[in-house]
Amino acid sequence: MKPAFILLALMLPGLTLAAPAWKTVQQAGGDLNGDGRTDKVIIEQAQDPQKIIKNENLGASTLNLNPRRLTVLLAGANGFQPAARATWLPAEHNRDTPCLEDPLGGDSLAVKNQVLTLNMHYWLSCGSYGVSQTAYAYRLQHGKFTLIGADSSSYMRNGGYGTAVSINFPARKIKTTGYIPIFEEENGATPKPQQDRWARLKSRKRYTLAEQPPEPYELLEQSDPQLGAWLSRADGRSE
């Protein structure tokens, strides 16, 4: 902001710079509070051209670093009213990892049985064989959208098995799954049997939609390090 404009803004408090425009890039509808009305959940992306930069490395030729936000709009007799907002969503691109594809590409939102689910998918077009997906489930409880479930899966494109972690926050239970078959065994070898193991969630923290959610694999490590170590071997690459 130029000094002259700052002085003018002080003299005229109502004069401010225009806020960046926001564009809705995804939306979903469904009843979230049990009143029979169809509520809305939208993901918006800021439209600041200065946050679209040229990429000189591998990956996309341009990186869109504009922030994104999620807003829950509850339907009422007088229209829609904002009920919750999340500003921690990942941007379309990442300056430090330009090969990372958009984590929110495609349909990332779902509303079913009064539960809002946000899906995020991580994979790189170069530099890594890792692929992971995490879904966070929220339910309106005591006036806040509270995290009730987190499901994450991971595998290596150069490996033969995947792993998964599923957390039920109200019950404080963690289900882990190892040796999930991803590709067929070579030379007719007998595949390892898929295995499920359980742990007790150690953390009692309650997360709301406004907060950055926890990473399920990290919560497993904190709750049961031995089980976490087993799961880290259950993709078959460490045996």
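Accessible areas here come from the Shrake-Rupley method with a 1.4 Å probe. On that footing, the protein, which is a predicted model, exposes about 14100 Å², and carbon and sulfur atoms supply 50% of that area. Of its 239 residues, 38% count as buried. The secondary structure comes to three helices and 13 strands. As for how the chain meets itself, take the contacts with a separation of 6 or more: residues 24 or more positions apart account for 48% of them.

Now for the inside. In soluble globular proteins, nonpolar side chains tend to be buried together. In this model, the largest nonpolar core has 39 residues, and L70, V72, L116 and L209 are those with the most contacts inside it. L70 makes a handy example. Leaving aside residues up to four places away in sequence, L70 touches V41, I42 and I43, then A84, R85, A86 and L89, and further along L109, L116, L118 and L209. Two of these neighbours, L116 and L209, are themselves on the list of residues with the most contacts inside the core.

Strands 9, 10 and 11 can be followed one after another. Strand 9 (residues 130–141) runs antiparallel to strand 10 (residues 144–156), and twelve bridges join the pair. One of the pairings puts Y136 opposite its bridge partner A150 in strand 10. The two strands form a hairpin with two residues between them, and H142, in the turn, has a positive phi of about 55°. Strand 10 then pairs with strand 11, again in the antiparallel sense, over seven bridges. Here S152 has V165 in strand 11 as its bridge partner. This second pair is a hairpin too, with four residues between strand 10 and strand 11.

Strand 11 comes up again at helix 3. That helix spans residues 225–233, and its buried residues are L227, G228, W230 and L231. Seen down the helix axis, these buried residues fall within an arc of 160°, so they line one face of helix 3. The face turned away from the buried side carries the exposed residues P225 and Q226. So what do the buried residues of helix 3 pack against? Their partners are strand 11 (161–168), strand 12 (173–181), strand 13 (195–200) and helix 2 (216–223). Strand 11 thus has two roles in this account: it pairs with strand 10, and the buried residues of helix 3 pack against it.

How values were computed
Residues are numbered from 1 along each chain as its sequence is written. This is a predicted model: local features need pLDDT of at least 70, side-chain atom pairs count only at pLDDT 80 or more; totals for chains, interfaces and linings use all residues. Side-chain values use heavy atoms; hydrogens and water are left out. Buried means under 20% relative accessible area, exposed over 50%, partly exposed in between (1.4 Å probe, protein chains only). Contact means heavy atoms within 4.5 Å. A nonpolar core is a set of buried Ala, Val, Leu, Ile, Met, Phe, Trp, Tyr and Cys residues joined through side-chain atoms within 4.5 Å. The arc is that of the directions from the helix axis to the C-beta atoms. Two strands pair if DSSP finds at least two bridges between them.
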